[in-house]
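Colleague: Got a minute to go through this one with me? I'll ask, you answer.

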Amino acid sequence: MTKRTIIIEPDPILRKKSDAIEKVDDELRKLMDEMLETMYEAPGIGLAAVQIGILKRLIVIDISKEEKKNPIFLINPEIITKSKNKSVYEEGCLSLPGQFAEIERPAECLIKYLDYQGKQKELKATGLMATCVQHEIDHLNGVLFIDYLSKLKKDMIIKRLQKKKKEFKKNIL
Ligand code: NI
C-alpha cells in the first residue's frame, strides 16, 4: 500500500467541491485503504479524499484512537438532519497542521452514505463522531474549519501555514 501526501492549506484544491462516486469497486476500495493508512500514520481521526488531491466524495474516519481500530468509510455522505442543540469542540485538521480552534456545530446529525461494500447505510452521529463527520463533509464542499472563524483569526492561521510551508520547502532542498 502507498501512503499518500496530505495537502496543506493554503492550496486551491482544498476549496474545490468533490464529485459524487458512481461505482464502488476494488479500485475505490484500494484508494480507501490508502487513505486509512495515510490517516493512521499522520496521525488523525478523519481524512477526506480531497486532502490527498482526489476530488471524490469519500471520507475515512476512526475516532477510536489508541483502542482497537474501528475505521468507517463514508462514500457520498449526506447529512439528512442536524440537531438544534450545538456543541463546541476544539478542532484541528491534517491539512492545517498545528492549528486548532473551538468550533460550534450541531451536537448530533443523521447521515446517509454508502459503505465499503457500496451498501446504503445510515448513521446517527453524536459527540466527537458528529463533529468529525460534519468537519469531513465540509471538506467535500471545499470548506475548512477556519471558515467559521473571524476573518482576522482565519487570516492569521493562513499566514502561519504559509510561513511553515515555505520553511518546509527550504528544508527539503
Ligand atoms: Ni480536516
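Colleague: Which element gives the most to the lining of the largest pocket?

Modeller: Keep in mind that this is a predicted model. α1 (26-41), β4 and α2 each supply at least two residues of that lining. With 5 residues, the top contributor to the largest pocket is α2.

Colleague: And how much space lies in the largest pocket?

Modeller: The lining runs to 32 residues, and the closest to the pocket centre are Pro43, Gly44, Ile45, Gly46 and Leu94. By class, that lining splits into 14 nonpolar, 9 polar and 9 charged residues. The space in the largest pocket comes to about 680 Å³.

Colleague: What about the second largest pocket: how many charged residues are in its lining?

Modeller: That pocket holds about 310 Å³ of space. Its lining includes Asp11, Lys164, Lys165, Glu167 and Lys169, alongside residues such as Ile6, Pro97 and Phe168. Sorted by class, the lining has 6 nonpolar residues and 1 polar, and the charged ones number 5.

Colleague: On to the metal. Which residues are the protein donors of the nickel ion?

Modeller: The donor atoms are one SG and two NE2, lying 2.1 to 2.3 Å from the nickel ion. Along the chain the donors follow the spacing C-x41-H-x3-H. Put names to them and you get Cys93, His135 and His139.

Colleague: How many residues apart are Cys93 and His135?

Modeller: Cys93 sits in the loop between β4 (86-91) and β5 (101-106), while His135 belongs to helix α2 (residues 127-140). Both of these residues are buried. The pair ties together distant parts of the chain, and the separation is 42 residues.

Colleague: Why is α2 described as largely enclosed by the rest of the structure?

Modeller: Look at which of its residues are buried: Met129 through to Leu140 are on that list, including His135 and His139. Buried here means under 20% relative accessible area. α2 is largely enclosed because the buried residues number 12 of the 14.

Colleague: What span does α2 reach from its first C-alpha to its last?

Modeller: The helix has 14 residues, and at 1.5 Å a residue the expected span is 20 Å. Just after α2, Gly142 takes a positive phi of about 75 degrees. The model's span for α2 is close to the expected one, at 21 Å.

Colleague: Now α1. Which strands are included in what covers its buried residues?

Modeller: α1 has 16 residues and reaches 22 Å, close to the 22 Å expected. Its buried residues include Leu28, Leu31, Met32, Met35, Leu36 and Met39, and also Arg29, Glu34 and Thr38. Among what covers them are β1 (46-48), β2 (58-61) and β3 (72-82).

Colleague: Let's stay with β3. What distance separates the C-alpha atoms of Phe73 and Leu36?

Modeller: Phe73 lies in strand β3, and at 11% relative accessibility it counts as buried. Leaving aside neighbours within four places in sequence, its contacts include Met32, Asp33 and Leu36, as well as Ile59, Val60 and Tyr113. Phe73 and Leu36 are 37 residues apart along the chain, yet their C-alpha atoms are separated by 8.8 Å.

Colleague: Is Pro77 buried or exposed?

Modeller: Pro77 is another residue of β3. Setting aside neighbours within four places in sequence, Pro77 is in contact with Arg57, Ile59, Lys112, Tyr113, Ile137 and Leu140. Its relative accessible area is 3%, so Pro77 is buried.

Colleague: What phi does Asn76 have?

Modeller: Most residues other than glycine have a negative phi. Asn76 is found in strand β3 and is buried, with a relative accessible area of 19%. Although Asn76 is not a glycine, its phi is positive, at about 50 degrees.

Colleague: Last one, on cis peptide bonds. Which residue does a cis peptide bond join to Ala42?

Modeller: One cis bond joins Glu9 and Pro10, with omega about 0 degrees, and Pro10 lies in the segment before α1. The bond you ask about has an omega of about -10 degrees. Ala42's partner lies in the loop between α1 and β1, and that partner is Pro43.

How values were computed. Residues numbered from 1 in each chain as written. Predicted model: local features only at pLDDT ≥ 70, side-chain atom pairs only at ≥ 80, totals over all residues. Heavy atoms only, no water. Donors = N, O, S within 2.8 Å, 3.2 Å for Na, K, Ca; no water. Helix = DSSP H or I, 4+ residues; strand = E, 2+ residues; numbered from the N terminus. Buried < 20%, exposed > 50% of the residue type's maximum accessible area, 1.4 Å probe, protein only. 1 Å grid on protein atoms, 1.4 Å probe; cavity = no way out; pocket = protein on both sides within 12 Å on 5 of 7 lines; lining within 4 Å. Points joined across faces, edges and corners; volume = space filled by probe spheres on them. Nonpolar A, V, L, I, M, F, W, Y, C, P; charged D, E, K, R; others polar. Expected span 1.5 Å × (residues − 1). Contact = heavy atoms within 4.5 Å.
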